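Before you rely on this structure, here are some notes on where it can be trusted and on how its chains meet. Please read them with the sequence and the coordinates open beside you.

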Amino acid sequence: MAIDCLVLGAGQEIGKSCVVVTINGKKIMFDCGMHMGCDDHNRYPDFSILSKSGDFDNTISCLIITHFHMDHVGALPYFTEVCGYNGPVYMSYPTKALSPLMLEDYRRIMVDRRGEEELFTSAHIASCMNKVIPLDLKQTIQVDEDLQIRAYYAGHVLGAVMVYAKVGDAAIVYTGDYNMTTDRHLGAAKIDRLQLDLLISESTYATTTRGSKYPREREFLQAVHKCVAGGGKALIPSFALGRAQELCMLLDDYWERMNIKVPIYFSSGLTIQANMYYKMLISWTSQNVKEKHVTHNPFDFKNVKDFYRSLIHAPGPCVLFATPGMLCAGFSLEVFKHWAPSPLNLVALPGYSVAGTVGHKLMSGKPTTVDLYNGTKVDVRCKIHQVAFSPHTDAKGIMDLTKFLSPKNIVLVHGEKPSMMSLKDKITSELGIPCFVPANGETVSVASTTFVKANASDMFLKICSNPNFRFSNSSTQLRVTDQRTADGVLVIEKSKKAKIVHQDEVSEVLHEKDHVVSLAYCCPVKVKGESDDVGLIKQLSEKISETVSCADEIHESETCLQVGSFKGSLCLKEECVHRRGISSSCSEVKFLCCNWSVADLELGWGIINAMKQNL
Amino acid sequence: MELTCLSKGDGFHYPPCHMLNLSGFRILIDCPLDLLALTIFSPLPCDVGIEAYGQNDQNPIQKKQKLERQMTPDDLVCAEPWYKTVKALHLWEASLIDIVLISNPMGLLGLPFLTQHPRFCAKIYMTEATAKIGQLMMEDLVSMHMEFKRFHGPEDSSFPCWTKNLDGEEVPGVLKNLVFGENGDDLGSWMRLYSLDDVKSCMKKVQAVKFSEEVCYNGTLIIKALSSGLDIGACNWLINGPNGSLSYVSDSIFVSHHSKFFDFHGLKGTDVMIYSGFSCLQTAEMTENDCISTMSDKKDERLAASLLDNEESLGELEKLAFVCSCAAESADAGGSTLITITRVGIVLQLLELMSDSIESSSLKVPIFVISSVAEELLAYTNTIPEWLCEQRQEKLISGEPSFGHLKFIKDKKIHLFPAIHSPNLITSWQEPCIVFAPHWSLRLGPSVQLLQRWRGDPRSLLVLEDGISSGLGLLPFRPISMKILQCSFLSGIRLQKLPTLLSLLQPKIVLVPDVINQRINLSTMKTKSILSYSENKTLSVGRIAENADVEIMAELATKLSWKKLRQRENFGVARLKGDFVMENGKQRLVSGLDQEESSGKARTLRHWGSVAPETLLESLVKMSVTGSIEHRRDENGAEGKSIIYITDPSGGMIETSEMGTTIITDDETLASKIFQAIDGILDGI
């Protein structure tokens with residue numbers, strides 16, 4: 001049995017996440033994203049690799065979306081409505097609620113503002129979302145008889161999940177995007193210690209290690225404060241959900257504390273609408289927010305107002321959250337065009353910007369002019385501030401998660417190739433786990449765990465559950481170890497289920513009669529000095545424990561002694577049949593009649609030899 | 001497996017309580033309080049000055065006559081109330097309980113009594129919603145009880161002093177029955193109420209789960225909560241262990257308008273099913289003609305469809321609408337409505353419907369919700385879409401709040417107050433009005449004062465929980481001229497749906513309460529066996545699965561060295577050595593320490609069959625061992641032992657019979673040669 005991991009998107013790059021994993025014959029697709037930096041057919045994963053005929057229903061058992069970002073859900077309406085996938089689609093409750101907003105917003109930007117041909121319509125989005133089955137955290141869903149899936153909290157955005165999938169005995173986790181530290185409105189990723197054959201992890205920040213977030217928060221607040229205090233306008237291009245709420249909570253708090261009266265705006269109704277969803281989905285936010293929400297819902301921002309287009313040229317300072325992020329199109333780009341030339345103003349870019357966007361250009365170097373998509377150039381004289389709080393885990397987080405889960409194999413996706421390669425080296429050398437970094441279209445195959453099933457007899461189970469304690473006195477303290485090993489016999493009969501029995505039961509299962517093979521010898525022993533029979537047995541037992549290494553427990557009673565299956569008793573007969581060679585003429589010689597089973601063969605010979613030496 | 005039904009409970013507010021012994025673990029299912037028993041206490045008088053003194057000068061003769069006449073409010077116990085717990089639970093040692101499963105908020109109310117116990121150490125599981133709502137209900141109970149404490153003053157005695165006047169002749173039988181029980185041994189089940197700290201420390205011990213979340217207890221039992229539809233967060237339990245699967249199904253509702261539906265698909269095909277839906281017995285509706293026999297051939301989907309018909313749920317909606325219309329009528333006439341129902345789902349629906357109907361009519365009636373936890377509870381219920389029915393989940397998708405009350409609270413149509421003496425209450429108070437106030441027992445909370453205020457007003461309306469008016473409930477408020485509406489809402493599976501449910505779930509063994517088994521003929525079911533259990537009796541069920549499954553790790557299985565048997569070609573045997581582990585409810589054999597040595601050339605330790613001495617000597621001769629055979633007969637003259645005397649290379653002897661073979665020699669090499677020869681003749685392992 002094997003697990004095949006086919007990377008359709010986000011292999012050695014960021015964007016259009018899509019991984020298809022085949023576990024014991026079941027195909028599961030994780031994420032169905034779109035590449036924000038591509039305009040051509042490359043923006044979607046290449047679904048044709050999966051099925052040439054386009055019959056996806058019979059190819060894929062289910063599709064699971066981890067969170068509502070476009071690079072994870074963007075291709076979903078295309079895949080279900082245009083490509084015709086009709087199978088089950090799973091996503092968390094918040095993702096199901098918020099994805100349509102994101103998709104619709106993106107569609108509008110693409111069609112209305114950039115004038116592109118429609119890839120999917122509003123009706124497509126609606127009918128696609130109808131097929132979605134909502135998931136709750138930790139809820140274990142039996143997709144079909146063999147396939148089981150479960151979602152864990154990932155903390156990246158509201159409703160982001162990591163997905164555990166299990167077929168038979170083989171199990172994997174696909175992390176989606178995750179964050180290992182708590183931020184203001186979301187908790188840190190949380191997962192059980194699972195036995196995994198494969199972990200597929202994101203690696204956006206494969207080489208970055210971040211310190212505390214507080215200095216970064218302070219830096220950001222100071223930059224914005226300085227800008228508005230100087231009468232400038234601060235533009236924060238961000239997507240409607242996620243960083244917008246996080247930064248807004250931060251600013252709203254700061255505004256309260258510092259008693260600042262400068263307005264904070266949200267550019268679109270989308271963010272306002274999104275805040276309403278956030279209020280209902282409190283159970284998916286951080287512990288802090290959950291505790292506070294009864295008295296004051298933290299998503300009721302006190303200083304935040306709606307923004308109108310006319311306010312772009314209004315005098316006076318303000319802070320504006322404008323969609324979309326990365327300055328890739330739409331309203332944020334339009335505002336940027338007007339505000340960038342003034343040195344008073346500030347553009348604060350939160351999070352990651354995909355290559356090809358204006359955001360990416362601003363971040364890489366300090367350009368004085370920037371080309372917009374339609375060919376116009378804009379002078380950039382405003383300040384640029386990169387807000388370094390990303391909802392992605394850093395390299396330490398990836399290592400921590402990997403260490404915690406200790407999967408048998410790991411596949412890295414959703415990152416930049418050079419840093420992924422160095423993380424791969426780190427994982428293989430430090431943790432000794434095989435690590436793969438496949439490119440788009442490549443498949444990684446790993447072996448999967450399997451268990452052979454058998455019926456066990458009661459006697460076997462009973463003996464297995466009896467502890468076998470061994471006590472040993474190490475220098476200072478007594479150590480107790482349980483040295484039990486399950487010792488049984490596996491019996492298979494043609495066309496029947498295998499059976500595990502205790503060795504005493506084998507013959508019964510085979511309908512045979514036991515035949516005991518044992519060894520016997522009536523061994524002469526010499527009496528040292530004057531001692532009675534009991535004393536002789538004592539002497540012998542001391543001798544045995546001195547010379548025979550594996551004889552740990554010697555039981556003595558009257559004229560008998562026993563070690564394991566070895567039994568010896570003083571022989572009173574004149575002529576014992578088990579006595580060979582030596583006659584009983586010598587009065588100083590007594591005989592120990594011994595009997596031991598095959599299991600203790602070495603032990604028996606050891607004792608016999610010890611007693612012979614005594615002669 | 002063993003099941004002991006500790007209490008069959010009484011309707012929605014007093015769910016049944018069971019003790020289960022499964023795979024050696026003791027599991028307590030639910031820990032409720034019998035709050036109906038509170039009605040033996042008299043509520044706090046509204047105006048102490050007049051009423052309390054006016055009625056005390058009755059002479060003893062009059063008291064005696066009460067036996068024959070009706071009970072009066074004076075018969076009730078005037079003391080700080082104690083609370084009645086499940087009696088049989090006190091007979092169990094708290095430290096021996098391993099697991100506590102709580103199915104709904106009602107089943108949680110008695111838990112602090114158990115967790116107070118210093119040696120209590122069980123793991124407690126319940127759904128997140130049950131934990132939250134249940135905690136709020138307990139906090140509300142404690143805060144309502146505070147009024148009594150303030151009135152009666154501190155009482156530190158751990159002895160229920162209030163019972164000392166209750167064993168007299170003149171005390172009415174109804175009262176005695178409630179206090180002492182039918183057998184007179186219930187006194188020990190009365191407890192003083194826990195404190196807020198007790199509630200907190202109890203809740204700290206709880207592990208909250210989601211629906212369908214699998215939790216593993218001790219590596220052995222996999223426990224899963226599945227929605228029961230009874231109320232928000234209420235659940236049935238599915239327990240999987242190495243010895244088979246068990247489902248616990250209590251009162252459930254197929255189609256609900258507030259909580260997630262009864263998830264019965266997840267309960268299919270278990271080995272044992274414990275059915276504990278007692279509330280169907282309260283509504284006697286099953287008739288002889290109800291046809292159940294024809295259902296056995298139907299397909300699963302059709303069975304499921306017949307369970308999910310919405311006739312029931314429409315009936316529930318009608319009841320709710322009726323309550324609303326009655327309230328509106330009273331308001332029209334200038335009377336107020338007091339609603340004492342505290343079932344969360346029903347209250348939420350009523351609030352929504354009431355506000356809607358008031359909004360659409362010309363009436364301007366304010367709605368008050370008076371409860372110490374109203375604000376938190378109503379805020380909470382709008383943040384849990386995952387726990388609600390599909391229609392309400394749809395609302396989340398379209399961005400609307402799950403329950404409509406949020407908007408009305410904002411518009412000041414619904415007013416929330418923590419208590420009747422809240423400072424702002426008097427300023428916004430206006431009659432007629434509609435008030436939602438606990439407690440349904442009419443002994444605690446703001447409902448008492450309001451009832452005392454309005455009881456003489458024939459225009460006003462009192463909406464009660466089912467069953468409260470038949471007992472002592474209304475006694476302290478008589479004479480009462482208010483209109484009274486007693487609502488019985490669906491609180492379980494109807495009896496006639498039980499056979500369909502069972503034929504759909506197809507458990508191997510079903511355990512049903514004896515009372516149900518008497519009422520309905522289940523013998524036609526596909527289920528293999530139906531056992532009935534009774535209160536306070538232990539029912540043992542033998543093992544269901546034939547042999548326990550053990551999983552052998554593939555790496556271990558490939559290392560095995562197989563032996564072909566000479567006598568039986570169909571068989572293969574191999575020695576198996578490994579570490580036996582129990583994880584996730586599965587018994588597993590994984591590679592152990594001494595696996596390596598045993599997989600090599602191990603000595604044969606067990607033999608079977610018999611040895612013919614001639615054959616043995618023949619093969620010995622091949623190994624250049626020579627000897628002679630002597631046959632010996634036993635006393636009966638039958639073939640007995642044979643002895644082979646070995647002469648070369650050294651002295652030795654072999655005794656062989658049907659039972660076994662003994663090698664007698666002190667020469668190790670000779671012994672191993674003989675052993676080798678026997679190995680060549682006999683099958684062994």
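1. One term is needed at the outset: buried area is the accessible area, taken with a 1.4 Å probe, that two parts lose on being put together, summed over both. In this predicted model, the area buried between chain B and chain A is about 7,200 Å², and carbon and sulfur atoms give 54% of that area.

2. On confidence, the predictor assigns the complex an ipTM of 0.86 together with a pTM of 0.88. For chain B the mean pLDDT is 84, with 90% of the residues of chain B reaching 70 or more.

3. Among the elements of chain B, the lowest mean pLDDT, 41, belongs to helix H1 (residues 48-54) of chain B, while the highest, 97, belongs to strand E6 (residues 99-101) of chain B. The pLDDT is below 50 over residues 48-68 of chain B, a stretch that has 13 contacts in the model beyond near neighbours in sequence. Over residues 286-296 of chain B the pLDDT is likewise below 50, and this stretch has 12 contacts beyond near neighbours in sequence. Where pLDDT is low, the predicted coordinates should not be read in detail.

4. How many residues does each chain bring to the contact? Chain B supplies 86 residues and chain A supplies 77 residues. Between chain B and chain A there are 28 residue pairs in polar contact, counting pairs with both residues at pLDDT 80 or more. On the side of chain B that touches chain A, strand E26 (residues 571-583) of chain B gives the most, with 11 residues. The residues of that side of chain B divide into 34 nonpolar, 25 polar and 27 charged.

5. The two chains also pair strand to strand: strand E23 (residues 451-456) of chain A runs antiparallel to strand E24 (residues 548-553) of chain B, over 6 bridges. Within this pairing, Ala454(A) has Val550(B), in E24(B), as its bridge partner.

6. Salt bridges number 42 over all chains of the structure, and the count between chain B and chain A is 8. In one of them, the side chains of Glu551(B) and Lys453(A) meet at 3.6 Å, N to O.

7. A further salt bridge, at 4.0 Å from N to O, brings together the side chains of Glu658(B) and Lys513(A). Glu658(B) lies in the loop between strand E31 (652-656) and strand E32 (660-664) of chain B, and Lys513(A) in the loop between helix H15 (506-509) and strand E28 (514-526) of chain A, so the pair joins two chains.

How values were computed: Residues are numbered from 1 along each chain as its sequence is written. Chains are lettered from A and ligands numbered from 1 in the order in which they are written. Side-chain values use heavy atoms; hydrogens and water are left out. pLDDT is the predictor's confidence in each residue, from 0 to 100. Helices (H or I, at least four residues) and strands (E, at least two) are DSSP runs, numbered from the N terminus. Contact means heavy atoms within 4.5 Å. A polar contact is a pair of N or O atoms within 3.5 Å; within protein, one must be able to donate a hydrogen and the other to accept it, and residues adjacent in sequence count only if both atoms are side-chain atoms. Ala, Val, Leu, Ile, Met, Phe, Trp, Tyr, Cys and Pro count as nonpolar, Asp, Glu, Lys and Arg as charged, and the others, Gly among them, as polar. Two strands pair if DSSP finds at least two bridges between them.
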